[in-house]
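Please find below my notes on the structure you sent, set out as numbered points. I have kept to the packing of the side chains, the charged pairs and the aromatic rings.

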Amino acid sequence: MIMNLNEVLTKQNLITKLVLKEGDKELPKELKVKLMRIRMAYNKIKQSFDEEVKEFSKELVSEEYETLANKADKTAEEEAKYKELTDKINLEYQEFLIQKGNEEVSCIEDTLTMEEYSDILDVNSGNNVEINGNKVSAADLLEVIYSLFVKE
């Protein structure tokens with residue numbers, strides 16, 4: 001299955017919020033295994049992306065930038081140079097993220113059946129979560145899970 005990296009990272013962020021067991025409700029063994037395999041495949045791609053971002057970020061930061069960043073009392077000229085370098089780094093970083101996010105990656109088949117979704121719905125119906133600092137109701141999470149993963 002081919003997706004772009006942005007799609008994988010979005011799906012990875014969502015699927016990790018699903019619980020496999022809640023109270024006395026539990027997903028069937030086969031579905032747990034399927035979800036964990038999908039999570040692990042996504043996590044492998046995300047870890048690779050995180051490493052590339054870290055490496056790219058290291059390459060962007062020059063010695064001059066580091067010196068200015070660590071200097072407490074910058075002159076007006078140094079402050080202007082520091083801002084110029086910061087803006088340049090931010091633009092290059094954003095461009096890297098845009099290009100990287102559009103790259104195609106090979107990923108595990110992640111389609112859920114209506115029956116599997118029904119089991120997920122049953123166990124996760126009270127699972128309010130936080131995604132990227134935002135509170136998301138169980139209903140909203142499950143609606144997005146349906147739209148991204150269930151193919152009828």
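1. A word on the source comes first: this is a predicted model, and the numbers quoted below are computed from its atoms and should be read in that light.

2. The main nonpolar core is the natural place to begin. The largest nonpolar core has 31 residues, and those with the most contacts inside it are Leu35, Tyr42, Leu112, Ile120, Leu141 and Ile145. The elements that give two or more residues to this core are α1 (5-15), α2, α5 (114-124), β5 (129-131) and α6 (138-149). Of the contributors, α2 gives the most, with seven residues. A further core, of five residues, lies apart from this one and has Leu60, Tyr65, Leu68 and Ile89 among its members.

3. Which residues does Ile120 touch, once its neighbours within four places in sequence are left aside? They are Leu18, Leu27, Leu31, Leu35, Leu112 and Leu142. Of these contacts, Leu35 and Leu112 are also named among the residues with the most contacts inside the largest core, as is Ile120 itself.

4. Helix α5 deserves a paragraph of its own. Its buried residues are Glu116, Tyr117, Ile120, Val123 and Asn124. Seen down the axis of α5, these buried residues fall within an arc of 130°, so they line one face of the helix. What covers them includes β2 (21-22), β3 (25-26), α2 and α6.

5. Tyr117 also takes part in an aromatic pair. The structure holds three aromatic pairs, and two of them are described here. In one, Phe56 and Phe96 are stacked, with 4.1 Å centre to centre and 10° between the planes. This pair links distant parts of the chain, as Phe56 is in helix α2 and Phe96 in helix α4, 40 residues apart. Phe56 counts as partly exposed, at 24% relative accessibility, whereas Phe96 counts as buried, at 16%. In another pair, Tyr117 and Tyr146 meet edge-to-face, with 5.1 Å centre to centre and 65° between the planes. Here too the pair links distant parts of the chain, with Tyr117 in helix α5 and Tyr146 in helix α6, 29 residues apart. Tyr117 counts as buried, at 8% relative accessibility, while Tyr146 is partly exposed, with a relative accessible area of 26%.

6. Phe49, found in helix α2 (residues 29-60), is worth following through its contacts. At 15% relative accessibility it counts as buried, because the cut-off for a buried residue is under 20%. Leaving aside its neighbours within four places in sequence, Phe49 is in contact with Leu5, Leu9, Leu97 and Lys100. The C-alpha atoms of Phe49 and Leu9 are separated by 9.3 Å, although the two residues are 40 residues apart along the chain.

7. Lys100 leads on to the charged pairs. Lys100 forms a salt bridge with Glu52, the closest N and O atoms being 2.6 Å apart. Lys100 lies in helix α4 (residues 76-101) and Glu52 in helix α2, so the pair ties together parts that are 48 residues apart in sequence. Lys100 counts as buried, at 10% relative accessibility, whereas Glu52 is partly exposed, with a relative accessible area of 32%.

8. Other salt bridges lie within a single helix. Where does the pair of Glu55 and Lys58 sit, and how many residues apart are the two? They are three residues apart in helix α2, and are therefore separated by about one helical turn. The closest N and O atoms of Glu55 and Lys58 are 3.9 Å apart; Glu55 is partly exposed, with a relative accessible area of 40%, and Lys58 is exposed, with 56%. In helix α4, Glu84 and Lys81 are likewise three residues apart, or about one helical turn. Their closest N and O atoms are 3.5 Å apart, and both residues are partly exposed, with relative accessible areas of 47% for Glu84 and 29% for Lys81.

9. To complete the account of charges, the structure has 15 salt bridges in total. Lys21, Glu26 and Lys32 are linked in a network of such bridges. Lysines are also placed over aromatic rings: Lys11 lies over the face of Phe149, at 5.0 Å from the ring centre, and Lys74 lies over the face of Tyr82, at 4.8 Å from the ring centre.

Definitions and conventions
Residues are numbered from 1 along each chain as its sequence is written. This is a predicted model: local features need pLDDT of at least 70, side-chain atom pairs count only at pLDDT 80 or more; totals for chains, interfaces and linings use all residues. Side-chain values use heavy atoms; hydrogens and water are left out. Helices (H or I, at least four residues) and strands (E, at least two) are DSSP runs, numbered from the N terminus. Buried means under 20% relative accessible area, exposed over 50%, partly exposed in between (1.4 Å probe, protein chains only). Contact means heavy atoms within 4.5 Å. A salt bridge is a side-chain nitrogen of Lys or Arg within 4 Å of a carboxyl oxygen of Asp or Glu. A nonpolar core is a set of buried Ala, Val, Leu, Ile, Met, Phe, Trp, Tyr and Cys residues joined through side-chain atoms within 4.5 Å. The arc is that of the directions from the helix axis to the C-beta atoms. Rings of Phe, Tyr and Trp (its six-membered ring) pair if their centres lie within 6.5 Å; planes under 30 degrees apart count as stacked, over 60 as edge-to-face and the rest as tilted. A charge sits over a ring if NZ of Lys or CZ of Arg is within 6 Å of the ring centre and within 35 degrees of the ring normal.
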